[in-house]
Amino acid sequence: MTQFDVAVSAVEAALAAGARYADARVMHRQYESMSARNGEIENLTSDENAGIGVRALVGSSWGFFAVPTLSDAAARDAGARAAAIASASASVPGPAVDLVPTAASVDSWASECLRDPLSVSLSDKGDLLVAATAAMRASGADQAEGLYQIWDTHKWFVSSEGHRIDQHIRECGAGISATAIGDGETQRRSYPSYRGHYGTRGWELVEELDLVAHAPRMAEEARALLSAPVCPEGTTTLILGGEQLALQIHESVGHAIELDRILGWEAAYAGTSWLDLARIGALQYGSELMNIAIDPTIPGALGSFGYDDEGTRAAARDAVREGTWVGVLAGRDSAAVAGLDYAGSVRADGWARLPMVRMTNVGLRPGPHTLDEIVAATDDGVYLETNRSWSIDDKRLNFQFGTEIGWEVKNGKLGRMLRNPTYTGIGPVFWRSMDMLSSEIVPWGTPNCGKGQPGQVGHTGHPAAPARFTNVRVGVRA
Amino acid sequence: MTELDVAGQVLDLVKGAAGAQTEAAVTVDRAVLSLTRFANSYIHQNVAEDTTTVRLQLHSDGRTATGTTTITTPDGLRGLVERTVQAVELSPPDKGWPGLAAPMPLAGASRVDADTAAAGPAERAERVRSFVDAAGGMETAGYCRTTWLSAAFANTAGQTAAGECTEAAMDGIARHAGADGVARHAATALSDVDGAILGARAAAKARASTDPVELPPDRYEVVLEPTAVADLLHNLAFWGFNGKLHAQRRSFAALGETQFDSSVTIVDDVLDTDEMGVPFDVEGTAKRRLVLVDAGVTRAVTHDRRSAREAGAESTGHAIPGSSSFGPIAVNARLLPGAPSAPTEVDGPAVDSSVAALVGGMRRGVLVSDLWYTRVLDPKTLAVTGLTRNGVWLVENGEIVRPVRNFRFTQLYPQALGPGAVIGIGGHPAALPGSWAAERMTAPALHLASWHFTGGASG
């Protein structure tokens, strides 16, 4: 019995139990991670999970059931139980549910991978982390940590509309961090970003990072931060590094344009959105330099796929065009509620979780400048790099970020290093103040996006480059 | 086949594949998790899963590897063992290996409610119906969740353990004129979760939040409701009482020092009647009541076997999956209440009479329902930023006088609870469900002398 056969059985059972639509995802995922500290391996984990998740629509109510057993009987039971759960949902009913049309694709898709990360020997991978953390330790880090993670996922998707899609997505990435411990505080420097950089690529991504070469600088900067002046408090011109801007996009644009949040479906937990669908196409989100794309087709970016978990083929579209809000991340049912004609942004964290609206790759199109030009054009401000903390309200308006490191910018040049930098603001005010944007786009990968109940962890990509913002409040402290 | 049978089966496979000298520990968790979610006052997501996860840790020839699988067929278990044996052979040396837990008795049993273990979607939907109806036409959102967990542990040192527990939880908001009110409750039995009471509470808060005013950012005296205090406990447990971070000097905790107000006692105790969890950790160590803070004095931090070895201490039974990386966590932390009181429902936004009593003692300050999106700026100082959510009110002369717009705060959590900083502790500890991990924080309300609101959250 093939995985497709199992999925078909589940869908058939859901339909037989009263569903008017059903889909099923059989998934098999291998996950491997290794962490090292101070030149020694600390943890090696190798996980494997497989199962089937079935979604059933009975009338206008949804149900979902998941089980790790891939037999015909288990699949049929799961399909029937998904339909039974959907029937129970109808006791607290909502509006009619429609699904926007999507082509019933029969296809196969795989992410590009030059060097299978699971085939690289554990000892080679361990040696890399040991060398990088030992180098940080030798250069003054009190705690030197390194981590890589690998996901190898096969999916088989079948729907009652005729979808039959299999995908093989390989993801990996790595990062290092050095912590210096002072009397009253700690300072951390991470490379290439906090928790590392990830993509839908092979081990070549990790090799390109060249962790060992960057290790000494991380340790030296962490140590130097302990005695650096504190980032002054006030309102100033702010330049953000690309990695930090990627998280800024994630939190203050990506989540805000999730259609389920806009519709109130996440109101009790993740929150809603400040965006009002009545203003799509007219609302000024940011300055004219702000062009944000939703693009799951970017080769190698962490939010890339061939089809989403509803069987909608990956396609690029604009979310913000020259500062105007024009698009959302949508699923088939949420799009129908909103009167939109596109979906394509629904994914689940494994077979045991319900597919829901998730970011794919949400990021900036290139600007006309370079970081050097931005710094040179700034008389007075700060340049902040590498995320340390992030917090944003439930409407995705008020944010406060801390970064690991900052520098004064005076008369077009980087000056003193600054410690404990923070900045805060209101999303649209902040984005409207963006007056310079670099062309040096990197598709930063975020493997830890939390959403949903039960909790789901999403993998998202965020093309971003350094940019400048004016009149930003910095230096907030306890 | 029981979970303990599966664990034994895996140990047998290990002996065949890796020899008798290999140290092995197996954890088998079967979780039946069901969650009925509602928004815009109807059920929009309704899910259930029945998943068994087998976790195998091997140590051989100075090397360690861990593997997990959800495939519990004979081939799946064999695959787990072969994969983990191969991994341990290829792994770099592990100099911090702490050895296996020796045989030890469990200190108690966890609690199971058979009806909750067997609860179906109709019973959860019934609570949702009650919550929605009690909100009197307001828009509502939230969830009703039931969980049954059956866990077993076995290792080659001879330690075995098994246990099961149930959890029922409801967490919801009511929305009125742009304002939200929250109600949240966790219990062992679904029969103790009353959707009508929770819906009415959430609605009362939302109703009392209409037309909020903006207050200037400043340091304010506060009463934090239990839903907000749970966030303090979570962050103190994760960053402060974490034995790994403590050993690495990345925690504020200083054993034997008076770091908190004398009214503060914090314990971790899965064996308490209100708690959720099994009485052993993933390394097989029996859990016991652990006093983290006793009358203001920091007395202990949590350890798994690895962090305990590094610190020269004993494991406190706080190993969880991943704790070798991020450290052992007190997932059943409780702030002990002030003078115990039986809470009663009250009019207005305070969650109950024990909160109202603290509000009555506040000359001028702010009543906070919930803290949201809290993130740590520096683990050593436990400087945290976040926002208020789901209801904030100005209090003057012991009376709630008007709703207030949400604040952003940036606050040193230990300082907020420091000597002389705690004006009062509520008499009723509320059991609160965790959002992500299998965590149960139990907290009374807190009246604190100062909380640093650093900005407004309005756009």
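**Close-up views of a predicted two-chain model**

**View 1. Strand pairing across the two chains.** The bridge partner of A:Phe64 in S2(B) is B:Val47. All views show a predicted model. A:Phe64 sits within strand S3 (residues 61–67) of chain A, which is joined to S2(B) by three bridges, the two strands running parallel. Contact between the chains involves 79 residues of chain B and 67 residues of chain A. On the side of chain B that touches chain A, strand S2 (residues 42–60) of chain B gives the largest share, eleven residues. By class, that side of chain B has 31 nonpolar, 32 polar and 16 charged residues.

**View 2. An open sheet in chain A and the helix packed on it.** Four strands of chain A form an open sheet in the order S12-S11-S10-S15, with antiparallel pairing. Its edge strands are strand S12 (324–325) and strand S15 (362–364) of chain A, each of which pairs on one side only. Helix H6 (residues 242–254) of chain A packs on this sheet and touches S10, S11 and S15 of chain A. The direction of helix H6 makes about 115° with that of S15(A). Within the sheet, strand S10 (residues 292–294) and strand S11 (residues 317–321) of chain A run antiparallel and are joined by three bridges. One residue pair can be picked out here: A:Ile292 has A:Val320 as its bridge partner in S11(A).

**View 3. Surroundings of A:Ile52 in the largest nonpolar core.** The largest nonpolar core has 292 residues. Those with the most contacts inside this core are A:Ala10, A:Ala14, A:Ile52 and A:Val54. Leaving aside residues up to four places away in sequence, A:Ile52 touches A:Val6, A:Ala7 and A:Ala10, as well as A:Ala24, A:Arg25 and A:Val26. Under the same sequence limit, the residues that A:Ile52 touches also include A:Ala66, A:Val67, A:Leu70, A:Ala75, A:Ala78 and A:Trp351.

**View 4. The two domains of chain A.** Chain A is divided into domain 1 (3–225) and domain 2 (234–474). The C-alpha centres of these two domains of chain A lie 21 Å apart. In domain 1 of chain A, 47 residues are in contact with 40 residues of domain 2 of chain A. The side of domain 1 of chain A that touches domain 2 of chain A is made up of 18 nonpolar, 17 polar and twelve charged residues.

**View 5. The two domains of chain B.** In chain B, domain 1 covers 3–167 and domain 2 covers 219–456. Their C-alpha centres lie 27 Å apart. Contact between them is made by 23 residues of domain 1 of chain B and 20 residues of domain 2 of chain B. On the domain 1 side, the elements that give two or more residues are strand S1 (23–39), strand S4 (139–155) and strand S5 (160–176) of chain B. S5(B) gives the largest share of this side, five residues. By class, the same side of domain 1 of chain B has 13 nonpolar, seven polar and three charged residues.

**View 6. B:Ala102 in a loop of chain B.** B:Ala102 lies in the loop between helix H2 (74–90) and helix H3 (114–117) of chain B. This residue counts as exposed because it has 11 C-beta neighbours inside 10 Å, and the cut-off for exposed is 12 or fewer. B:Ala102 touches B:Ala157 and B:Gln159, not counting residues up to four places away in sequence. From B:Ala102 to B:Gly158 the separation is 56 residues in sequence and 6.8 Å in space, C-alpha to C-alpha.

Key
Residues are numbered from 1 along each chain as its sequence is written. Chains are lettered from A and ligands numbered from 1 in the order in which they are written. This is a predicted model: local features need pLDDT of at least 70, side-chain atom pairs count only at pLDDT 80 or more; totals for chains, interfaces and linings use all residues. Two strands pair if DSSP finds at least two bridges between them. Two residues are in contact if their C-beta atoms, placed from the backbone, lie within 7 Å. Axes are lines fitted to C-alpha atoms, for helices over the stretch in contact, and angles run from 0 to 180 degrees between N-to-C directions. A nonpolar core is a set of buried Ala, Val, Leu, Ile, Met, Phe, Trp, Tyr and Cys residues joined through C-beta atoms within 7 Å. A residue is buried if 20 or more other C-beta atoms lie within 10 Å of its own, exposed if 12 or fewer, and partly exposed in between; C-beta atoms are placed from the backbone. Domain bounds come from an automatic or database domain assignment. Ala, Val, Leu, Ile, Met, Phe, Trp, Tyr, Cys and Pro count as nonpolar, Asp, Glu, Lys and Arg as charged, and the others, Gly among them, as polar.
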